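Load the model in your viewer and set it to a cartoon display. The tour goes from selection to selection and says what is found at each stop.

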2 protein chains.
Amino acid sequence: MTKGIDRKLSILENGLDIASRLGLEAVTIGSLAKAANMSKSGLFAHFQSKENLQIELLKYAGEIFSRDVVVPALAVPAGIPRIRALVENWNRYSGAMTGGCIFVTASTDFKDRPGKVKDFLLQQQNAWIDSLRRIARSAIEAGDFRKDADCYQFAFELYSLLLGFHLYYTLLDSSDTQKRQQAALEKLLRAYQGIPAPADISPGAGG
Amino acid sequence: MTKGIDRKLSILENGLDIASRLGLEAVTIGSLAKAANMSKSGLFAHFQSKENLQIELLKYAGEIFSRDVVVPALAVPAGIPRIRALVENWNRYSGAMTGGCIFVTASTDFKDRPGKVKDFLLQQQNAWIDSLRRIARSAIEAGDFRKDADCYQFAFELYSLLLGFHLYYTLLDSSDTQKRQQAALEKLLRAYQGIPAPADISPGAGG
DNA sequence: GACATAAACGAACGATCGTGCTATTCCTGT
DNA sequence: ACAGGAATAGCACGATCGTTCGTTTATGTC
């Protein structure tokens, strides 16, 4: 009984790698079977359809994401430190997979593929964005963000930064991507704190 | 002779739609043939391989992108106005395709598929990012950005914004995405101008 | 050891994939 | 009008796709 579960987990592990690299739609029963050294039908029996396999993959990825990114960030004091931790965690998690964050890949993959998989993914993405919003909210309550900060807006801007990082990192592998992201994050945090950026104080504007 | 070209163009047009929705890898000879009401082999003859078809698709998309996004922006006076025009153009162009910007989709699709297609795409993406950088540079020269502004950093941050917009728009279809992007753009521009953000002045939505 | 249950297999299915090859049809230049 | 080339069709190939079915092999219980 436990053997079946172990097997299933290792299949999912393998599927996660493929999904992060080639996309969730590219996770094929045959390729998974070959990677697991078993027959197509044997593997197929663990899931009842490809659709179900994809959903289970997303579910499994969600658990890892929650465990490695969100939960440890919530253990850090609310406010700027928590936000920094979240970004660090996200970078580490995303960098751990060959093809980067599976949700980013899956999102572009399924944005125009209606069905249960997209529905599930959408729900996860909304939950993630809401996590970002709530973390911003807690930053206000902790006194790190100004009271009138727009938390939805913050979620959008921070997520955008992660997406930019993801593309630069996975496609371009630009060497200073980390630096770029770091700099942008600092500016973002400053903007929501309401403290003018140091550059803004300088005489500014010139030919 | 012109008939062949027309046909080819309409095939590419069709392929662009599929590529923007389902991804560049999902552009299949069979589906294209069905859409064009012709045989697989007849369509195939226009390109010599699927790889070549994909590259021609990217090339065609690049021409449209240049014509509709970059060139008209360069006709606008350098500086902030040009940047605004660029973003507007990008939004219009991206919104015109069912699945949004084909390059965004293709980027996540091919980030881990080595080959000529990826090479070509990479080259296009680098050119695009360099366009962003040069436009920032011209904003410095026009006096709209402060002299010490990091143009590479600006390219990263602006592109991130477009990516955020793309995901929100295509997957989430959040109704106020445009507003979110607009607000973020204004903050971005202000930051590079060196004018302190009216953070402590303007009311926010709270979260 | 008998029996129930779970896990994996092998073979086959219809469909579609990309890609050749050989005709045939269509268009154009002269 | 006719030649020549471009455009398209027809057919087949090996491979792979997701899926079903019946069977075999482990595993665990009494």
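The stops below cover one chain, the contact between chains, the nonpolar core and one helix pair.

**Stop 1: chain A**

Select chain A of this predicted model. Chain A has 10 helices and zero strands, so colouring by secondary structure will show the order α-α-α-α-α-α-α-α-α-α from the N terminus on. The C-alpha trace of chain A spans about 70 × 40 × 30 Å along its principal axes. Colour by burial next: 42% of the 207 residues of chain A count as buried. If you draw a contact map of chain A and keep the contacts between residues at least 6 apart in sequence, 60% of them join residues at least 24 apart.

**Stop 2: where chain A touches chain B**

Add chain B and select the contact, which takes 52 residues from chain A and 49 residues from chain B. On the chain A side, go through α1 (2-22), α6 (102-110), α7 (116-141), α8 (151-172), α9 (177-193) and α10 (198-201); each gives two or more residues to the side that touches chain B. Which element gives the most to this side of chain A? It is α8(A), with 15 residues. Colour this side of chain A by residue class to see 22 nonpolar, 16 polar and 14 charged residues.

**Stop 3: the largest nonpolar core**

Now select the largest nonpolar core, which has 113 residues. Label Leu57(A), Ala136(A), Ala155(A) and Leu57(B), the residues that touch the most other members. For this core, too, α8(A) gives the most, with 15 residues.

Centre the view on Leu57(A). Leaving out residues up to four places away in sequence, Leu57(A) touches Leu12(A), Gly15(A), Leu16(A), Ala19(A), Leu24(A) and Val27(A).

**Stop 4: a helix pair in chain B**

Hide chain A and select α4 (residues 50-74) and α5 (residues 80-96) of chain B. The axes of these two helices come within 8 Å and cross at roughly 165°. Because angles over 145 degrees count as roughly antiparallel, α4(B) is roughly antiparallel to α5(B). The crossing of α4(B) and α5(B) is right-handed.

Show side chains for the contact. From α4(B), display Phe65(B), Asp68(B), Val69(B), Pro72(B) and Ala73(B). From α5(B), display Arg82(B), Ala85(B), Leu86(B), Asn89(B), Trp90(B) and Tyr93(B). How do the residues of this contact divide into nonpolar, polar and charged? Eight are nonpolar, one is polar and two are charged.

Notes:
Residues numbered from 1 in each chain as written. Chains lettered and ligands numbered in written order. Predicted model: local features only at pLDDT ≥ 70, side-chain atom pairs only at ≥ 80, totals over all residues. Contact = placed C-beta atoms within 7 Å. Helix = DSSP H or I, 4+ residues; strand = E, 2+ residues; numbered from the N terminus. Nonpolar A, V, L, I, M, F, W, Y, C, P; charged D, E, K, R; others polar. Core = buried A, V, L, I, M, F, W, Y, C linked by C-beta atoms within 7 Å. Buried ≥ 20, exposed ≤ 12 C-beta atoms within 10 Å, placed from the backbone. Axes fitted to C-alpha atoms, helices over the stretch in contact; angles between N-to-C directions. Parallel < 35°, antiparallel > 145°, perpendicular 65-115°, else oblique. Left-handed = near helix turned anticlockwise from the far one by under 90°.
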